[in-house]
Amino acid sequence: MKLDNIFKKLPNEWQFVLEDFEEASQVQLSHFVKKEYESKEIYPQVENLFWAFELTPLKKVKVIILGQDPYHGEGQAQGLAFSVPKNIKIPPSLKNIFKELNEDLGMPIPSSGSLEKWAKQGVFLLNTVLTVEKSKAGSHRKKGWEQFSSQVIKEISNRNKNCVFILWGSPAQKFKKFINTDKHLILESVHPSPLSSYRGFFGSRPFSKANDFLKKNGRKEIDWSL
């Protein structure tokens, strides 16, 4: 498989993010990702690399949920943080997100792990690292994706008003320095992973808190049902 500059795959309406993302960093990251896709099994599939950007244009962004890197199991990653295709077994962290959704809003626990419905309503499901090698969690961290993601978050913070940034776990919380808290709400807790979820994720009520903020600021609430 031959790839050009990977950032050419970024939807046109998001290309402005690249204006302040150094060209040298773009070239270096693009070269690394191209080489990985051409020589290894990398997730998500290259056509889904920027799917979060395709489903959620900037002007529609209301809620941002920051993930870490994509799922590294076969068939799981689809370019949306925490989401898996409908026919794939729901991963443990997502199961815990659904448990909290049930406790928070009383909604039935979904049978499918696809969060596409959220994305189409303005929930921007961004992984701070967009690619991963099969079966090797964290394999593409510190390769340049974090700089790209921080630029995305800065642009959302600067250009939009009254958004909710949901930061689960310390890796996501490192990005809060890029968010203007005079304009936006930050909701943070431990990660929904089974290793940490009982230390403050359960009972954090992010879904109702996000909707309360949106409603208070005249924005349409998210229908969190799936």
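Colleague: How many aromatic pairs does the count come to?

Modeller: 22 aromatic pairs, in what is a predicted model. Ring centres must lie within 6.5 Å to pair.

Colleague: Stacked, tilted or edge-to-face: what do you call the rings of F82 and W168, and why?

Modeller: Their centres are 5.5 Å apart and their planes stand at 70 degrees. The cut-off for edge-to-face is over 60 degrees, so the pair is edge-to-face.

Colleague: What makes that pair a tie between separate parts?

Modeller: F82 sits in the loop between strand 2 and helix 3 (92–105), whereas W168 belongs to strand 5. The two parts are 86 residues apart in sequence, so the pair ties them together. Both F82 and W168 are buried.

Colleague: And what is the pair of W118 and F207 called, and why?

Modeller: The centres are 5.9 Å apart and the planes are at 55 degrees. That angle is neither under 30 nor over 60, so the pair is tilted. W118 is in helix 4 (residues 116–121) and F207 in helix 7 (residues 206–216), 89 residues apart.

Colleague: Buried or exposed: how do you know which word fits W118?

Modeller: Buried means under 20% relative accessible area. W118 has 1% relative accessibility, so W118 counts as buried. F207, at 0%, is buried by that cut-off too.

Colleague: Which strands stand at the edges of the sheet, and why?

Modeller: Four strands form an open sheet in the order 3-2-5-6, with parallel pairing. Strand 3 and strand 6 (185–189) each have a single partner strand, so one side of each lacks a neighbour in the sheet. The twist averages 20 degrees from one strand to the next.

Colleague: How do you know that strand 2 and strand 5 pair?

Modeller: Pairing needs at least two bridges. Strand 2 and strand 5 run parallel and are joined by four. L66 stands opposite L167 in strand 5. Five bridges join strand 5 to strand 6, also in parallel.

Colleague: What makes strand 5 enclosed?

Modeller: Five of its five residues are buried, so strand 5 is largely enclosed by the rest of the structure. V164, I166 and W168 point one way, F165 and L167 the other.

Colleague: How do you know whether the span of helix 5 matches expectation?

Modeller: Helix 5 (residues 145–159) has 15 residues and reaches 21 Å from its first C-alpha to its last. The expected span at 1.5 Å a residue is 21 Å, and the helix comes close to that. Helix 5 packs on the sheet, touching strand 2, strand 3 and strand 5.

Note on methods
Residues numbered from 1 in each chain as written. Predicted model: local features only at pLDDT ≥ 70, side-chain atom pairs only at ≥ 80, totals over all residues. Heavy atoms only, no water. Expected span 1.5 Å × (residues − 1). Axes fitted to C-alpha atoms, helices over the stretch in contact; angles between N-to-C directions. Contact = heavy atoms within 4.5 Å. Buried < 20%, exposed > 50% of the residue type's maximum accessible area, 1.4 Å probe, protein only. Phe/Tyr/Trp six-rings, centres within 6.5 Å; stacked < 30°, edge-to-face > 60°.
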